[in-house]
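I opened a fresh page to keep track of what I looked up and in what order. My notes follow the structure shown here.

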Amino acid sequence: MRSLRYDEFQAMRRFPALDGLRALAAVMVIAFHYGGQSWAWLTGWIGVHLFFVLSGFLITTLLLREEHRYGKVSLRAFYLRRFFRIMPVYLLVLFLYWGLARVNGTADSVERGMKYYLLFLNELLEPNAPFLHSWTIGIEQKFYLFWPAIAFVAVAAVFRRRLLVTLCLLVLFIALIPPDIAWLSWPIHYVAILLGCLTAIIMHNPRGFALVRPLTHPATATVVILAFVVVQVCVQFWPTRLGQEALIGTYAAATAVLLPALLSRSVLARGLGLRPLVFVGERSYSLYLIQAVAARAAAGLMPAIAHKSTAFFVATTVVALLAADLMYRWVELPLIEVGRRLAARVTRPTPRGGDAGVDAAALAAAAERTPPPHEVLVDSAPAARG
């Protein structure tokens, strides 16, 4: 039993435990929405910030490794891959919401919010708007519109400068959090993403990796993972007077510490990398987007089941996962491949001589399957709204 070496980290093309964590977080959010009081102890709404941190870490790692191998990052290629990763399923489910609303005679409610959905200003929607759970996709889309240009063009290949810029952005967004006005607390969500980005930047640098390497020792990692479980359970006891923003920031920081531990060879980390969890994690983007439609289908198929109950949560999860699997196979993967091919056409970088880094194309195939953060309905957790 030993800690992970830097070269071993650089050679990793997939992080299965992070897929498993994403699976648990997705199911946790669905339990919050449809599981009722039996699942209130889990405080599932905060699981969305797991996805923010994970997204920042994985996408920034992809960009760092591309830069390391080729000497630069292609913004055109990144935006093309990002478009074909996010938009097809997003538009498909949005159209499905609109179609169901027309059948129910409530299409006006969807059409009133259409400009917000299409411009990714989803966090500005009214509290009872349909497809409201898409607000975090809006947060992420705006973040990744600017992050690569700031961190990989303005401060290309300079670790200390990039680290300083990331820390300055963190301070800026924390300073933008208004006191005692929960519905304007959108900056805290960017703080969560930036904590994931910061973790990626630190771990990509040999000296930075040395600082977190002890967390990758199996024994230490086991303690860290168990401690995070305690943190998750104790979220329900967070003092109200300290505010939701402080809770989210603390939780996101704990997630950032958790990430290196999940790259270890500990039993718990390997458990999160088991195929059933990875299967759900890979489909978690579609799983979340379709969950409200799945809940309607579950209610229609099993009208005797009480809403907001364990049985309804399980039924909704099963229906959503079946639909998510279809979308993953027939929409997500084919169009991700289209995006990769188009990105390869607009830029054909030559690897730097003597580079032993990971093939950026191989990493792209893995990292671009990483879904954006999974959303939480703000009418159930108003303080979590962006």
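I began with Val293, which I found in helix α16, a helix that covers residues 291–301. This is a predicted model, so I am treating each value as computed. Is Val293 buried or exposed? Its relative accessible area is 16%, and because buried means under 20%, I noted Val293 as buried. I then looked up its distance to Tyr97, and found that the two are 196 residues apart in sequence, yet 7.7 Å apart in space from C-alpha to C-alpha.

Next I turned to helix α7, which spans residues 135–154. I checked its length: at 1.5 Å a residue, its 20 residues should span 28 Å, and the end C-alpha atoms are indeed 28 Å apart, so the two values agree. I also noted a kink of about 30° at Trp147 in α7, shortly before the proline Pro148.

On the surface I looked up a nonpolar patch of about 360 Å², which is made by Tyr79, Leu145, Phe146 and Ile150. Which helix gives the largest share of the nonpolar patch? It is helix α7, with 3 residues. I picked out Leu145, which lies in α7, and wrote down that it is partly exposed, with a relative accessible area of 47%.

Last, I went through the cysteines. A disulfide is a covalent bond between the sulfur atoms of two cysteines. How many disulfides does the structure hold? I recorded 0. For two of the cysteines I looked up the exposure as well: Cys197 counts as buried at 0% relative accessibility, whereas Cys234 is partly exposed, with a relative accessible area of 39%.

Note on methods: Residues numbered from 1 in each chain as written. Predicted model: local features only at pLDDT ≥ 70, side-chain atom pairs only at ≥ 80, totals over all residues. Heavy atoms only, no water. Patch = residues over 30% accessible without salt bridge, like charges linked within 9 Å, V, L, I, M, F, W, Y side chains within 5 Å. Areas by Shrake-Rupley, 256 points an atom, 1.4 Å probe, with all protein chains shown as cover. Salt bridge = Lys/Arg side-chain N within 4 Å of Asp/Glu carboxyl O. Helix = DSSP H or I, 4+ residues; strand = E, 2+ residues; numbered from the N terminus. Buried < 20%, exposed > 50% of the residue type's maximum accessible area, 1.4 Å probe, protein only. Disulfide = S-S within 2.5 Å. Expected span 1.5 Å × (residues − 1). Bend = angle between axes of the 7 residues up to and from the residue.
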